Amino acid sequence: MKPVPSGEALNSLMFIYNINSQQVDEILQIYESTQDDDLRQIILQVLNRNLKYMLENKRFQRLYKNLVHGENKLLAAIAFKGITKAELTKDEDYKDQWQNWRWSPGVKKLLEKAVETDMYLLSKLEFFELLELSKRYPNSKFTQGCKEYTRLTDGDTYFGNNLKYNFRQPFNPVRELKVWHRFIKDYPNHPGTNDALYRIARAYEVQKNYENAILWYRKASQEGDNDFYSSSARGRILFLINSVMSSELIANFLSRNPGNYLTPILAYSKAVHLIREDKLLDAKTELEKFVNSYKKTRISLGSNYYVDNNFWNDIQKRIEQIERLEKIRESKKNADEKLYDEASFLFYNPSFYNLLWSNRSNNGFSRYFGGFSVFIPFKWQGKDTFLKYTVNFEFVEKVSRSCDNQNTLLKSLELFNKIIQDYPQSKLKEKAAYSIALSYYYLSRERWRTPLRQKDSWNDLAIKAFDDFVNQFPKSSMADDALLSIAALDNKLKNRVLEKLIKDYPKGDRRQEAESMLARSSSSYFVGVGVRLQNIDNNQGVLIRRVLTDLPASKAGLQSSDIILQVDGKEVSNTGDVVDIITRHQPGETVHFQIERGGKKRTVKVVTELMRK
């Protein structure tokens, strides 16, 4: 670990939980040798997971004692949390110090100071711990701030049942700005400060003052209290940048706020917006400038994620994609051919219009990007709040259009349709028609939301498009593929469509698959191996929950708790993937499972059987 570690190193360090006593000293050495606050925060988080070593390690104790009396408020709060947690023990009634209040004199003195002057020390404590403090010190500055919070929210208590997430209704931005600015001034460093900052940012957002909203969300995200308001503030920042702003608005923000912490994120986002606005050469220039300016720096998207080498590799791929699309447009091919090439390019590059980190499931922000369903994050205005309060149709429509502009399938659909409409004699008409149906198919399978005012679902449109294709191009080599797709999309039509495929395309390459599907659909049996499966939260494989006795899986040696990584060489991430591959086999065929057992990978061959449903 270098004194100034890379983003990859920090991402790895965050997920260290259990360490030994020797490693504690090694981590303490790293802490003492660096001035990097990001690294220091993460080290303290690791140490707070291993507080059992504090009692025996004087160096550990001395560091935390110095920190709680130091000038860095965030580090002091993390250390204070560790000190209180390390001291917790249970008495004869199974109560710890927060209940029996048998703190050591040193900790009790820190608590008394924290509730009066050093309230920043409280920012990492849990709600129930803060509640106990308010009961023990009813006349303290901290408790007065909690009471004021309750008053300013018209009765929403600061503690308990997540009620503090509620927003007063009707929502009046002017009033909110006034009362919460005053709260911050009267109770600086109170644990409720980040709540107040979030409410101020929310008020600016409702006023469509997105620049101020982002700046105040940023302040809320920096507060030590990492509860809903801090984490949601980070999501709101990225949501506004991605789905509400434009390249022009971002450029204006950057010119008025030079050197802001968000500058790298905004500079990159500006380039992505230029791609969406079809200003490809400008986008390429901005991406190249971004790489030259920031590749050697560490960029954070907030707590728990730093961009890594994959990010920079993906940016280089994005630049190459822009160059490829420009070559397509500048080629000397016929207009319909260029349209088809561009539509195909977009079809096979689904993330072309998206921020590169939007598809990373481990960064904590993916849920805020891309989909229209998250334009109102969890508890947008508070618990049980609905659209009618401050989200009007104008806003919904704006965000809807933005989400549609990020969908390459919609753009490719537009171009494929243009070929059919503008070039009815084109030799590519057949391919374009099939591609239209295929685009609807993937919009349905990937569960993209339907645009506003669109009555038909993607599923219905896909079925109709495939059906139209078969009727229009019955001799096409893709007609049997179209029928098979209809069977997959509509269970009611399944058998009839499969029978049509077998009858009309007896020499087609999909006949055998159709016969197998029809046999399984019509039978009370299915092809299986005798296991009960369960999804794994991180989508890295599928857990075997139970192996049924005297069936193929048990005979082949599969065991419960094995993790299935691949089936027949294909990676699987959910139970549906496994079942789909197995049931494509005929009885008596061999299925190859790559599993992980006890941290080691192995391959197990299982012969399928017919099993009663």
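A charge sits over a ring if NZ of Lys or CZ of Arg is within 6 Å of the ring centre and within 35 degrees of the ring normal. The exercises below use a predicted model.

**Exercise 1. Charges over rings**

Task: State which ring Arg-40 lies over, and at what distance from the ring centre. Then do the same for the charged end of Arg-49.

Solution: Start with Arg-40. Arg-40 lies over the face of Tyr-31, and the distance to the ring centre is 4.9 Å. Next take Arg-49. Its charged end sits over the ring of Tyr-17, 4.3 Å from the centre of that ring.

**Exercise 2. The chain as a whole**

Task: Give the number of helices and strands in the chain, and the percentage of its residues that count as buried.

Solution: The chain has 27 helices and eight strands. Of its 613 residues, 51% count as buried. The accessible surface comes to about 30,900 Å², and carbon and sulfur atoms hold 47% of this. For contacts, take those between residues at least 6 apart in sequence: 61% of them join residues at least 24 apart.

**Exercise 3. An aromatic pair within one helix**

Task: Classify the ring pair of Trp-180 and Phe-183, and decide whether each residue is buried or exposed.

Solution: First, place the residues. Trp-180 and Phe-183 both lie in helix H10 (residues 173–186), three residues apart, which is about one turn of the helix. Second, look at the geometry. The ring centres are 5.6 Å apart and the planes stand at 70 degrees, so the pair is edge-to-face; the cut-off for this class is over 60 degrees. Third, check burial, for which the limit is under 20% relative accessible area. Trp-180 has 0% and is buried. Phe-183, at 1%, also counts as buried.

**Exercise 4. An aromatic pair between two helices**

Task: Classify the ring pair of Tyr-434 and Phe-466, and say which helices hold the two residues.

Solution: The ring centres lie 5.8 Å apart with the planes at 65 degrees, so this pair is edge-to-face. Tyr-434 is in helix H21 and Phe-466 in helix H22 (residues 458–472); the two are 32 residues apart, and the pair links distant parts of the chain. Both Tyr-434 and Phe-466 are buried. Ring pairs also join them into a cluster with Phe-347, Tyr-348, Tyr-441, Tyr-442, Phe-469 and Phe-473.

**Exercise 5. The nonpolar cores**

Task: Find how many residues the largest nonpolar core has, and which helix gives the largest share of it.

Solution: The largest nonpolar core has 111 residues, and Phe-466 is one of those with the most contacts inside it. The largest share of this core, nine residues, comes from helix H21 (residues 429–445). A second, separate core has 48 residues, including Ile-19 and Met-54. In soluble globular proteins, nonpolar side chains tend to be buried together.

**Exercise 6. A glutamate in a helix**

Task: Decide whether Glu-286 is buried or exposed.

Solution: Glu-286 is found in helix H16 (residues 280–294). Its relative accessibility is 15%, so Glu-286 counts as buried. Leaving out residues up to four places away in sequence, Glu-286 touches Lys-270, Ala-271 and Leu-274.

**Exercise 7. A hairpin**

Task: Describe how strands E2 and E3 pair.

Solution: Strand E2 (residues 531–535) and strand E3 (residues 542–547) pair in the antiparallel sense, over five bridges. Leu-533 has Ile-544 in E3 as its bridge partner. Six residues stand between the strands of this hairpin, where Asn-539 takes a positive phi near 60 degrees.

How values were computed
Residues are numbered from 1 along each chain as its sequence is written. This is a predicted model: local features need pLDDT of at least 70, side-chain atom pairs count only at pLDDT 80 or more; totals for chains, interfaces and linings use all residues. Side-chain values use heavy atoms; hydrogens and water are left out. A nonpolar core is a set of buried Ala, Val, Leu, Ile, Met, Phe, Trp, Tyr and Cys residues joined through side-chain atoms within 4.5 Å. Buried means under 20% relative accessible area, exposed over 50%, partly exposed in between (1.4 Å probe, protein chains only). Helices (H or I, at least four residues) and strands (E, at least two) are DSSP runs, numbered from the N terminus. Two strands pair if DSSP finds at least two bridges between them. Contact means heavy atoms within 4.5 Å. Rings of Phe, Tyr and Trp (its six-membered ring) pair if their centres lie within 6.5 Å; planes under 30 degrees apart count as stacked, over 60 as edge-to-face and the rest as tilted. Accessible areas come from the Shrake-Rupley method with a 1.4 Å probe; for residues, only the protein chains shown count as cover.
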